[in-house]
Every structure is written in C-alpha cells, then in structure tokens.
Amino acid sequence: MCEDFIFNFYCLQYANRVGVSKTPYYHYRLNFASTTHKPNLNMVDKCVDTCRLLEDEFRRFGYNEDAIDYAHGFSIDFLRSYLKNICLSAMPLKSKLQWIKSQSRYTYFKSVYKNYNWRMLPLKHKLHFLSFYHGHALVLYLMITSLEKIRYILCLMLKRDKYRFGNKKNHRL
C-alpha cells in the first residue's frame, strides 16, 4: 500500500514532460476477497513511513509547507480508510479496540494534530480523527459501524425505490 504513490512522485520529479489522456487504461475492480480488504495490522506503519518519506522528499526538492500539509492530509485520509477496514473486519471487538488505541500513540499523528489544519475537514472526518487521536477507540468504532449500517439501509431503500419507480432520470425522492 502507498508504494505507487511514492513511485508516481519520483516519476513526476524526474520526467521531462508529462502527458494526460482522458482514455482509461485500466479498470479498478472492487474485490472484497483481495488483500486490500483484509486487515493487515502493519498498514498504518507503512502509511506513516510513506508520509515521513514524502515530507523529507518535499523538503529535499524545495517544496513549500503546503506540500507537507499534503502529506499530513494524505495520512488522515489513509488512516480513516484503514480504520474503517479494521472496524468492519471479522476481528474480535476487543482486538479492534486495542489495535486502534495502539495506533493512536504514533508520534507522527501528534505532529499532524499540531501542524495540520484538521479543523477544516468535513465533520465526519474531523470526528473520526479526533476520536482516534484522543484514543477513544470505542467511540470511533461505533461511529464507523453505525454509519456503515445507515449507508446499507439507504442503499436498500434506494434500490427499492428504483425498482418501484423505474429508472426515470427526473424522479424526485
């Protein structure tokens, strides 16, 4: 995880030119049996290592502090995604809560808390980050799992309405 991010960064640093195409060359398939969706308890280690490397490289290549902010924001996005992965996994609840608390002790996230403008995050993301940072593992777990259940119910309702009303583009709920 994150290796492609570093690879792309270096490619862009050393490329003479970069082209852009609107043509998709690969299609990402969501496969819930893939390793991406299985808890790997050292993924946050990898994310923190990646973000530290990015910060060092941003400084080495002469980027300003906005780039460091980018690394901090990336760490929060990745963390939120992976916390969701852990919370929704089949791990026992006690193990999940212990793992979350152990991850909140990273000094890197203390730096993010202190230096990144997390206050501008959307409310849900801000609450997730603050719960994580302050070690409120159960609160974080309940927020993530509750939101997932609400999302699931809404999807069922939308599918039901789509079936009832057909595929009309102008249909209002």
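**Exercise 1. Place H128 in the structure and describe its surroundings.**

*Solution.* Step 1: H128 belongs to helix α6, which spans residues 123-133. Helices are DSSP runs of H or I with at least four residues, strands are runs of E with at least two, and both are numbered from the N terminus.
Step 2: The relative accessibility of H128 is 6%, so H128 counts as buried. Buried means under 20% relative accessible area, exposed means over 50%, and partly exposed lies in between, with a 1.4 Å probe and protein chains only.
Step 3: Not counting residues up to four places away in sequence, H128 touches R80, L140, M143, I144 and L147. Contact means heavy atoms within 4.5 Å.

The model is predicted: local features need pLDDT of at least 70 and side-chain atom pairs count only at pLDDT 80 or more, while totals for chains, interfaces and linings use all residues. Residues are numbered from 1 along each chain as its sequence is written, and side-chain values use heavy atoms, with hydrogens and water left out.

**Exercise 2. Describe the chain as a whole.**

*Solution.* Step 1: The secondary structure comes to 7 helices and 0 strands. Along the sequence the pattern reads α-α-α-α-α-α-α.
Step 2: Of the 173 residues in the chain, 33% are buried.
Step 3: Among contacts between residues at least 6 apart in sequence, 68% join residues at least 24 apart.

**Exercise 3. Determine how α2 is placed against α3, and which residues form the contact.**

*Solution.* Step 1: Helix α3 covers residues 65-87, and α2 packs with α3 at an angle of about 170°, the axes being 9 Å apart. Axes are lines fitted to C-alpha atoms, for helices over the stretch in contact, and angles run from 0 to 180 degrees between N-to-C directions.
Step 2: α2 and α3 are therefore roughly antiparallel to each other. Angles under 35 degrees count as roughly parallel, over 145 as roughly antiparallel, 65 to 115 as roughly perpendicular, and the rest as oblique.
Step 3: On the α2 side, the contact holds M43, V44, C47, T50, C51, L54, E55, F58 and R59. On the α3 side stand A67, I68, Y70, A71, H72, F74, S75, F78, L79 and Y82.
Step 4: By class, the contact of α2 with α3 has 14 nonpolar, 3 polar and 2 charged residues. Ala, Val, Leu, Ile, Met, Phe, Trp, Tyr, Cys and Pro count as nonpolar, Asp, Glu, Lys and Arg as charged, and the others, Gly among them, as polar.

**Exercise 4. Carry out the analysis for α2 and α5.**

*Solution.* Step 1: The axes of α2 (residues 43-60) and α5 (residues 107-115) come within 10 Å and cross at roughly 55°.
Step 2: The two helices, α2 and α5, are therefore oblique to each other.
Step 3: The crossing in which α2 passes α5 is left-handed. A crossing is left-handed if the near helix is turned anticlockwise from the far one by less than a right angle, and right-handed if clockwise.
Step 4: α2 contributes V44, V48, C51, R52 and E55 to the contact, and α5 contributes T107, Y108 and F109. These residues of the contact of α2 with α5 divide into 5 nonpolar, 1 polar and 2 charged.

**Exercise 5. Follow α3 to α4, and then examine W99.**

*Solution.* Step 1: The axes of α3 and α4 come within 10 Å and cross at roughly 160°. That makes α3 roughly antiparallel to α4.
Step 2: α3 passes α4 in a right-handed crossing. Y82, L83, I86 and C87 of α3 make the contact with K96, W99 and I100 of α4.
Step 3: In helix α4 (residues 93-103), the buried residues are K96, L97, W99, I100 and Q103. They cover an arc of only 160° around the axis, which puts them on the same side of α4. The arc is that of the directions from the helix axis to the C-beta atoms.
Step 4: W99 has 7% relative accessibility and therefore counts as buried. Leaving out residues up to four places away in sequence, W99 touches L41, V44, Y82, L83 and I86. W99 and L41 are 58 residues apart in sequence, and their C-alpha atoms are 7.9 Å apart in space.

**Exercise 6. Is K84 buried, partly exposed or exposed?**

*Solution.* Step 1: K84 is located in helix α3.
Step 2: Because its relative accessibility is 31%, K84 counts as partly exposed.
Step 3: Aside from neighbours within four places in sequence, K84 is in contact with I144, E148 and R151.
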